[in-house]
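Got a minute to look around a protein model? Have a look at the chain below, and then we'll walk through it together.

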Amino acid sequence: MARLLIIVLAVAVTFPAAAGPSEGRAKELINLLRQDCGSCHGLTLKGGLGPPLLPAELADRDNSEIADVIMNGRPGTPMPPWRFELDNGEALWMAGILKEGLK
């Protein structure tokens, strides 16, 4: 619990324009990253059907670029759009979490 709060606060400080989700919603989004994203990108996000989602692989990508992929998917690939589940701020928050490394 404390680790999640530290992550949430670190992301909020790093990306002050995006207020970040509530603590409850942050837990839901972390679960989505672990379970839903992990089902294709590997449960440790080291890759699987989809590419790795580790900080080293995402370092050269802007958070808004990552958020765009989360929201709109990748046509012609198994990566679905998550617009039905997320808003833009949540996708940006998730991008920040991925770039920092999901703990």
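Here is a quick briefing, starting with the whole chain and moving on to some individual residues. Keep in mind that this is a predicted model. The protein chain has 5 helices and 0 strands, so its pattern along the sequence is simply written α-α-α-α-α.

**The whole chain**

- The protein chain has 103 residues, and 36% of them count as buried.
- About 6,000 Å² of the protein chain is exposed, and 59% of that area comes from carbon and sulfur atoms.
- Take the contacts between residues at least 6 apart in sequence: 57% of these join residues at least 24 apart.

**Salt bridges around arginine 25**

- How many salt bridges are there? The count comes to 3, and two of the partners to look for are arginine 25 and glutamate 28, whose side chains meet at 2.8 Å, N to O.
- Arginine 25 and glutamate 28 both sit in helix H2, 3 residues apart, which is about one turn of the helix.
- Arginine 25 also meets glutamate 90 in a salt bridge, this time at 2.7 Å, N to O.
- That second pair links distant parts of the chain, with glutamate 90 in helix H5 (residues 88-100) and arginine 25 in helix H2, 65 residues apart.
- Are these residues buried or exposed? Arginine 25 counts as buried because its relative accessible area is 19%, and buried means under 20%.
- Glutamate 90 is buried too, with a relative accessible area of 13%.
- Glutamate 28 counts as partly exposed, because its relative accessibility is 45%.

**The salt bridge between glutamate 65 and arginine 61**

- Glutamate 65 and arginine 61 form a salt bridge as well, and their closest N and O atoms are 3.0 Å apart.
- Back at the other salt bridges, shared partners join Arg25, Glu28 and Glu90 into one network.
- Glutamate 65 is partly exposed, at 35% relative accessibility.
- Arginine 61 is partly exposed as well, at 32% relative accessibility.

**Histidine 41 and what it touches**

- You'll find histidine 41 in helix H2.
- Histidine 41 counts as buried because its relative accessible area is 10%.
- What does the side chain of histidine 41 reach? It gets to the backbone oxygen of proline 51, at 2.6 Å.
- Setting aside its neighbours within four places in sequence, histidine 41 is in contact with Lys46, Gly47, Gly48, Gly50, Pro51, Leu53 and Met79.

**Leucine 45 in its loop**

- Where is leucine 45? Look in the loop between helix H2 (23-41) and helix H3 (55-58).
- The phi angle of leucine 45 is near 60°, which is a positive value in a residue other than glycine.
- Although leucine 45 is in a loop, this residue is buried, with a relative accessible area of 3%.

**Worth finding on the model**

- Try tracing arginine 25 in helix H2 across to glutamate 90 in helix H5.
- Then go to histidine 41 in helix H2, and follow its side chain to the backbone oxygen of proline 51.
- Finish at leucine 45, in the loop between helix H2 and helix H3.

Terms used. Residues are numbered from 1 along each chain as its sequence is written. This is a predicted model: local features need pLDDT of at least 70, side-chain atom pairs count only at pLDDT 80 or more; totals for chains, interfaces and linings use all residues. Side-chain values use heavy atoms; hydrogens and water are left out. Helices (H or I, at least four residues) and strands (E, at least two) are DSSP runs, numbered from the N terminus. Buried means under 20% relative accessible area, exposed over 50%, partly exposed in between (1.4 Å probe, protein chains only). Contact means heavy atoms within 4.5 Å. Accessible areas come from the Shrake-Rupley method with a 1.4 Å probe; for residues, only the protein chains shown count as cover. A salt bridge is a side-chain nitrogen of Lys or Arg within 4 Å of a carboxyl oxygen of Asp or Glu. A polar contact is a pair of N or O atoms within 3.5 Å; within protein, one must be able to donate a hydrogen and the other to accept it, and residues adjacent in sequence count only if both atoms are side-chain atoms.
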